[in-house]
Amino acid sequence: LTTTTTTTTPSSSSSITSLNAVPMNKAALLTSAIGGGTDREAIFYMALLALQFGLQPILTKKYTPKEINRSTVVLTQDVVRFGMAGFVLVFSGGWASAISGWTVRTWLTVAGIPASLYCIQSLATLMAYQSLEPLTFNVLNQTKTLSAALCCYL
């Protein structure tokens with residue numbers, strides 16, 4: 001890898017770009033890409049996330065039998081997520097402000113419909129974990145990010 005430097009002379013407003021043959025190692029490239037210093041904790045958590053992302057389809061396919069009741073798995077996942085979110089809200093002191101002004105009707109329109117769609121997505125994800133090879137699942141799973149970006153652009 002090489003670096004590009006741009007210099008501007010005081011007598012003119014034009015800039016001169018030159019390509020230096022200074023090799024950059026990966027650490028220096030990472031340091032320059034994230035704006036100076038590297039935060040070891042952030043890199044550690046990114047590595048853990050990448051590890052989880054890569055291992056999750058493999059572990060799910062290995063330890064979730066095909067004959068399992070998928071709706072029970074999805075319901076259990078969603079109950080655990082709901083419990084964890086409620087725990088954080090209660091112990092952070094944000095529960096009262098989070099539910100103030102909510103009625104059953106606003107809950108159904110604002111949170112109920114997205115929650116239902118999320119359950120359907122979780123069920124489809126579990127079926128894909130069980131049916132596809134892990135690499136195929138990860139590649140196809142990333143197309144949702146690409147399609148969301150494309151839809152936002154259009």
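**Helix α3 and two salt bridges**

Directly after helix α3 comes Gly93, which has a positive phi, near 85°. The model is predicted. The helix that ends there covers residues 70-92, 23 residues in total. From first to last C-alpha α3 reaches 33 Å, close to the 33 Å expected at 1.5 Å a residue.

Four residues of α3 are buried: Val73, Val74, Asp78 and Gly86. Part of what covers them is α5 (104-131).

Asp78 also takes part in one kind of pairing for which the whole structure was searched, with 2 salt bridges found. Its partner is Arg81, and the closest N and O atoms lie 2.9 Å apart. Asp78 and Arg81 are about one helical turn apart because 3 residues separate them in α3. Residues three or four places apart in an α-helix point the same way, since a turn takes 3.6 residues. Asp78 has 16% relative accessibility and so counts as buried, whereas Arg81, at 37%, counts as partly exposed.

The other salt bridge joins Lys61 to Glu133, with 3.5 Å between the closest N and O atoms. This pair connects distant parts of the chain, 72 residues apart: Lys61 belongs to helix α2 (residues 40-63), and Glu133 to the loop between α5 and α6 (134-153). Lys61 is partly exposed, at a relative accessible area of 30%.

Confidence varies along the chain. The protein has an average pLDDT of 75, and 75% of the residues score at least 70. Among its elements, α3 has the highest mean pLDDT, 86, and strand β2 (residues 15-20) the lowest, 43. Over residues 1-22 pLDDT stays under 50, although the model has 30 contacts there beyond four places in sequence. Predicted coordinates should not be read in detail where pLDDT is low.

Terms used. Residues are numbered from 1 along each chain as its sequence is written. This is a predicted model: local features need pLDDT of at least 70, side-chain atom pairs count only at pLDDT 80 or more; totals for chains, interfaces and linings use all residues. Side-chain values use heavy atoms; hydrogens and water are left out. Helices (H or I, at least four residues) and strands (E, at least two) are DSSP runs, numbered from the N terminus. The expected span of a helix is 1.5 Å times one less than its number of residues. Buried means under 20% relative accessible area, exposed over 50%, partly exposed in between (1.4 Å probe, protein chains only). Contact means heavy atoms within 4.5 Å. pLDDT is the predictor's confidence in each residue, from 0 to 100. A salt bridge is a side-chain nitrogen of Lys or Arg within 4 Å of a carboxyl oxygen of Asp or Glu.
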